[in-house]
Amino acid sequence: MNDDLAIEVRDLVRTFESRKGFFFGEKTHTEALKGVELNVGRGAIFGLLGPNGAGKTTLTKILSTLLLPTSGTVQVLGHDVVKDTSWLRSRIGLVLGGERGLYNRINARENLRYFADLYGIPASERDRRITEVIERVDLTWAADRRVEEYSRGMKQKLHIARGILHRPEILFLDEPTIGLDPKSARETRKLVRSLVVEGVTIFLTTHYMFEAEELCPRVAVLSKGKIVANDSIAGLRSRVGGDRTIEVEAYGFEDREIDRLKGLPGVSKVAGEAFGPLMRLTLRVRTDDTTPETVQGLLPGHPELSVRERRTSLEDIYLDLVEEEAQ
Amino acid sequence: MTLATSEASRTRATGASLRLAILLFVADPQWLVPSTVAPIVFGLVSFELFRGEGPYFLTYAILGAGMMSMWGQTLYGSGWATGQDRNLGTLEPTIQAPTPYLYVVLGRIIWNVVAGLFGGLVVYLVVVLAAGGPPQLPNPLLFVVLFVFVMVTLASVGVVFAAAFVYSRYAGFIQNVGEFAFYIGTGCMFPVVLLPFWTNPIALLFPPTWALDALRYVSIPGYAGFGWGWGWDLAGAVAVTGVYAAIAGTVFTRVERHVLETGDLSDY
Ligand SMILES: Nc1ncnc2c1ncn2[C@@H]1O[C@H](COP(=O)(O)OP(=O)(O)O)[C@@H](O)[C@H]1O
Ligand SMILES: [Mg+2]
């Protein structure tokens with residue numbers, strides 16, 4: 001056990017057995033997490049990045065005591081999530097977000113008051129604390145309105161207000177900006193950034209690289225239940241190294257054309273993506289020998305061919321990581 | 001955390017849950033209509049059903065209809081509230097809070113008991129109005145005390161239903177199927193002793209069976225019941241309710257562990 005760590009995960013496996021329907025229906029077995037190893041230090045925003053279905057929510061719920069591991073050990077703030085559940089619950093904040101999870105027929109203040117009591121916030125401090133967090137998330141103007149009148153963005157702010165009400169040492173945010181309009185998403189990110197100033201450790205999941213890049217000094221990439229990278233943003237960026245990216249677009253390619261591209265000097269990867277009838281190939285190139293011109297020369301007979309070079313982005317690195325694992 | 005503060009927060013959680021139940025009711029008082037209409041209908045039907053059945057038919061009518069409407073409020077309502085938490089998605093944040101969920105359930109049950117008593121009062125008024133006068137009660141005070149006690153025993157079964165709703169989203173299905181059997185089995189509609197003998201031992205596992213038998217003893221002279229007198233009935237009711245109370249905490253802890261294992265907490 002390491003005291004500097006907020007989260008320590010060893011060989012975590014989580015499977016789900018589910019049945020569609022009550023008595024009948026097929027039984028399905030899903031391995032959502034397949035041996036996750038993860039260390040997260042205290043007092044910063046840590047980003048867990050991964051596409052839909054990667055296991056982000058599953059991991060978040062295990063870390064916040066809402067789900068038990070199938071095997072492996074998980075420690076949060078130096079305490080075991082299986083054994084020290086009640087100790088941890090008063091020190092953890094969890095924001096699952098979304099349209100659900102709030103009492104819609106009552107106002108924001110009453111929602112918070114209910115949870116303040118469940119968290120045992122001293123009665124003498126309660127009302128002040130509620131006013132404070134409402135202010136914090138910019139909902140003072142709507143605090144006495146029923147939650148059913150709230151927009152998606154306002155609900156998200158209220159979710160966050162509830163998450164920080166009891167001043168947790170660690171806050172889990174599961175895809176805090178998903179489904180929000182760009183303005184609300186920006187405001188939410190600003191809010192998240194301001195929380196870390198107070199020494200709270202934040203564990204945030206997202207499937208947007210730019211969000212992780214904006215908020216998190218360190219990120220782990222989760223793909224199909226496994227951590228495929230755990231690095232600083234700078235570290236991830238350095239993986240781009242001298243890499244260049246060449247994009248080729250046309251109405252369909254033949255297999256041998258793709259093989260020819262793969263055989264070009266310095267080409268480490270060719271990824272394909274379809275946009276309707278249009279096909280885009282993305283080449284990762286490690287040397288200067290291969291240029292848009294050489295690529296063009298290999299693909300005669302495509303009247304609509306377009307070839308261009310662009311800067312390799314973090315998003316590319318992320319997609320590479322996630323796709324490599326997918327094969 | 002010291003024991004004192006954690007105990008205090010449990011009481012507060014129960015209080016907060018009672019408060020929430022009232023707020024949610026006030027925010028949506030439309031179900032005041034069914035919860036008033038149902039007792040009126042039950043009262044009238046029961047009045048017609050028992051009319052002319054001896055000098056104490058009014059008491060029979062009140063008890064039959066009263067229990068029927070209180071069943072719905074007290075017992076059914078307790079499980080329903082947890083089902084509602086599933087639907088709203090509030091079950092997860094509530095379980096995630098450090099106070100054991102049982103204390104949240106208790107607050108709602110207190111509210112359901114109050115709502116159930118309201119139904120009982122409506123039945124009483126309807127039957128009295130239909131008959132043109134109040135029933136003959138040998139011991140009105142004891143009647144009221146035992147009536148409230150019956151509510152408490154119903155509430156203790158409500159705790160079990162709430163646990164079932166935490167256990168699975170299919171609890172509503174089970175509760176719907178089980179409702180009628182349970183309703184008859186505990187002697188809500190007519191005395192359990194009228195049922196086939198083999199059902200009696202099962203019925204005795206449920207606190208309301210005992211409490212209702214005691215209530216009939218004190219309000220209907222000549223009532224035979226289980227034959228061991230209302231004192232033993234009362235002792236039995238207290239004992240069985242006590243067992244329920246004693247295991248409630250463990251049941252909830254186990255049920256919670258189970259859903260954390262299966263991952264069914266977010267199902268709705
Ligand atoms: N309660 C559950 N029952 C069955 N399968 C589940 C359950 N929760 C998640 N899964 C499965 O586990 C995998 C990971 O899901 P999740 O953790 O929600 O991913 P993410 O949050 O990254 O989108 C998915 O394949 C999902 O279908
Ligand atoms: Mg998710």
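What percentage of the 268 residues in chain B do buried residues make up? The figure is 53%. Keep in mind as you read that this is a predicted model, and that the values below are computed from it.

## Chain B

Let's stay with chain B for a moment. If you trace chain B in the viewer, you will meet ten helices and zero strands. Starting at the N terminus, the elements read α-α-α-α-α-α-α-α-α-α. Now look at how parts of this chain come together: among contacts between residues at least 6 apart in sequence, 76% join residues at least 24 apart. On the outside, chain B exposes about 11,800 Å², and carbon and sulfur atoms supply 74% of that area.

## Ligand 1 and its surroundings

Next, find ligand 1, which lies between chains A and B. Its surroundings consist of 13 residues, and the closest are A:Gly53, A:Gly55, A:Lys56, A:Thr57 and A:Thr58. Sorted by class, this shell holds four nonpolar, eight polar and one charged residues.

Which elements of chain A each supply at least two residues of the shell? They are β1 (5–19), β2 (27–41) and α1 (56–63). Of the contributors, α1(A) gives the most, with three residues.

Here are some polar atom pairs between the protein and ligand 1:

| Protein atom | Ligand 1 atom | Distance |
|---|---|---|
| A:Gly53, polar backbone atom | oxygen | 2.7 Å |
| A:Thr57, polar side-chain atom | oxygen | 2.7 Å |
| B:Gly263, polar backbone atom | nitrogen | 3.3 Å |

Taken alone, ligand 1 exposes 560 Å², and 68% of that is buried by the protein.

## A closer look at A:Ser268

Finally, let's visit one residue of chain A. You can find A:Ser268 in strand β12, which covers residues 267–275 of chain A. Is A:Ser268 buried or partly exposed? With a relative accessible area of 41%, A:Ser268 counts as partly exposed, because that class spans the values between the buried limit of 20% and the exposed limit of 50%.

Which residues does A:Ser268 touch once its neighbours within four places in sequence are left aside? A:Ser268 is in contact with A:Arg284 and A:Arg286. For one of these partners, A:Arg284, you can compare sequence with space: A:Ser268 and A:Arg284 are 16 residues apart in sequence, and their C-alpha atoms are 5.6 Å apart. Try selecting this pair in the structure above to see how the chain brings them to that distance.

Definitions and conventions:
Residues are numbered from 1 along each chain as its sequence is written. Chains are lettered from A and ligands numbered from 1 in the order in which they are written. This is a predicted model: local features need pLDDT of at least 70, side-chain atom pairs count only at pLDDT 80 or more; totals for chains, interfaces and linings use all residues. Side-chain values use heavy atoms; hydrogens and water are left out. A residue is near a molecule or strand if one of its heavy atoms lies within 4 Å of it. A polar contact is a pair of N or O atoms within 3.5 Å; within protein, one must be able to donate a hydrogen and the other to accept it, and residues adjacent in sequence count only if both atoms are side-chain atoms. Accessible areas come from the Shrake-Rupley method with a 1.4 Å probe; for residues, only the protein chains shown count as cover. Helices (H or I, at least four residues) and strands (E, at least two) are DSSP runs, numbered from the N terminus. Ala, Val, Leu, Ile, Met, Phe, Trp, Tyr, Cys and Pro count as nonpolar, Asp, Glu, Lys and Arg as charged, and the others, Gly among them, as polar. Buried means under 20% relative accessible area, exposed over 50%, partly exposed in between (1.4 Å probe, protein chains only). Contact means heavy atoms within 4.5 Å.
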